[in-house]
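Have your viewer ready, with side chains switched on? Let's take a short walk through the model, one selection at a time.

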Amino acid sequence: MFTPWLRHAAGSVEEKPQPVRHVYVEALDSADLFDDFFTPIARDGASTVEIGIRLQKALKALAAVGDDHIKRIAREHMTLVIKRFDQGLVLEEDRQRVREIEASAVSALGPDR
């Protein structure tokens with residue numbers, strides 16, 4: 001679902017507002033798309049380890065195909081997932097599983113620019 005947008009917004013190029021008479025539509029923004037999609041799932045699913053794992057894997061995949069701007073946004077969301085799931089998960093072993101995906105993503109993606 002996100003990959004076509006990532007390809008379109010490559011190089012940190014966001015949709016530019018087009019002046020259209022009598023119509024206003026706010027421009028799309030990659031950070032807003034990530035916020036709108038991932039934040040409610042992470043917030044509401046913070047007590048389910050499988051959701052944490054899937055979110056981390058999805059964010060890792062998007063960071064891998066995105067440009068530096070998208071990598072930064074994905075990493076920010078991966079950090080927020082860790083924070084939410086640290087609070088929501090009861091078992092330390094479950095929290096560790098979610099953290100391991102984030103750690104492997106950071107390792108695979110290289111240093112943040």
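This tour goes from charged side chains to the packing of two helices. Keep in mind as you look around that the model is predicted.

**Stop 1: a pair on one helix**

Start by selecting helix α4, residues 68–88, and show the side chains of R72 and E76. The two residues are four apart, about one turn of the helix. They form a salt bridge, and their closest N and O atoms are 2.7 Å apart. Is this pair buried or exposed? Neither: R72 is partly exposed because its relative accessibility is 32%, and E76 is also partly exposed, at 41%. A search of the whole structure finds five salt bridges, so there is more to visit.

**Stop 2: the start of α5**

Next, select helix α5, residues 92–109, and pick out R95 and E92. These residues are three apart in α5, which puts about one helical turn between them. R95 forms a salt bridge with E92, with 2.9 Å between the closest N and O atoms. Colour by accessibility here if you can. R95 has a relative accessible area of 17% and is buried, because the cut-off for buried is under 20%. Its partner E92 is partly exposed at 38%.

Keep E92 on screen and add R99. The side chains of R99 and E92 also meet in a salt bridge, 2.8 Å from N to O. R99 has a relative accessible area of 22%, so this residue counts as partly exposed.

**Stop 3: the network**

Which residues are linked in a network of salt bridges? Select D86, E92, R95 and R99 together, and you have the network in view.

**Stop 4: where α4 and α5 pack**

Now show both helices as cartoons. The axes of α4 and α5 are 9 Å apart and the helices pack at an angle of about 165°. That angle makes α4 roughly antiparallel to α5, because angles over 145 degrees count as such. Turn the view until one helix lies in front of the other: α4 passes α5 in a left-handed crossing.

To see the contact itself, select R75, M78, T79, V81, I82, F85 and D86 on α4. On α5, add R95, V98, R99, I101, E102, A105, V106 and L109. Colour this selection by residue class, and you will find nine nonpolar, one polar and five charged residues in the contact of α4 with α5. D86, R95 and R99 are among the contact residues, and they also belong to the salt-bridge network from the previous stop.

Definitions and conventions
Residues are numbered from 1 along each chain as its sequence is written. This is a predicted model: local features need pLDDT of at least 70, side-chain atom pairs count only at pLDDT 80 or more; totals for chains, interfaces and linings use all residues. Side-chain values use heavy atoms; hydrogens and water are left out. A salt bridge is a side-chain nitrogen of Lys or Arg within 4 Å of a carboxyl oxygen of Asp or Glu. Buried means under 20% relative accessible area, exposed over 50%, partly exposed in between (1.4 Å probe, protein chains only). Axes are lines fitted to C-alpha atoms, for helices over the stretch in contact, and angles run from 0 to 180 degrees between N-to-C directions. Angles under 35 degrees count as roughly parallel, over 145 as roughly antiparallel, 65 to 115 as roughly perpendicular and the rest as oblique. A crossing is left-handed if the near helix is turned anticlockwise from the far one by less than a right angle, and right-handed if clockwise. Contact means heavy atoms within 4.5 Å. Ala, Val, Leu, Ile, Met, Phe, Trp, Tyr, Cys and Pro count as nonpolar, Asp, Glu, Lys and Arg as charged, and the others, Gly among them, as polar.
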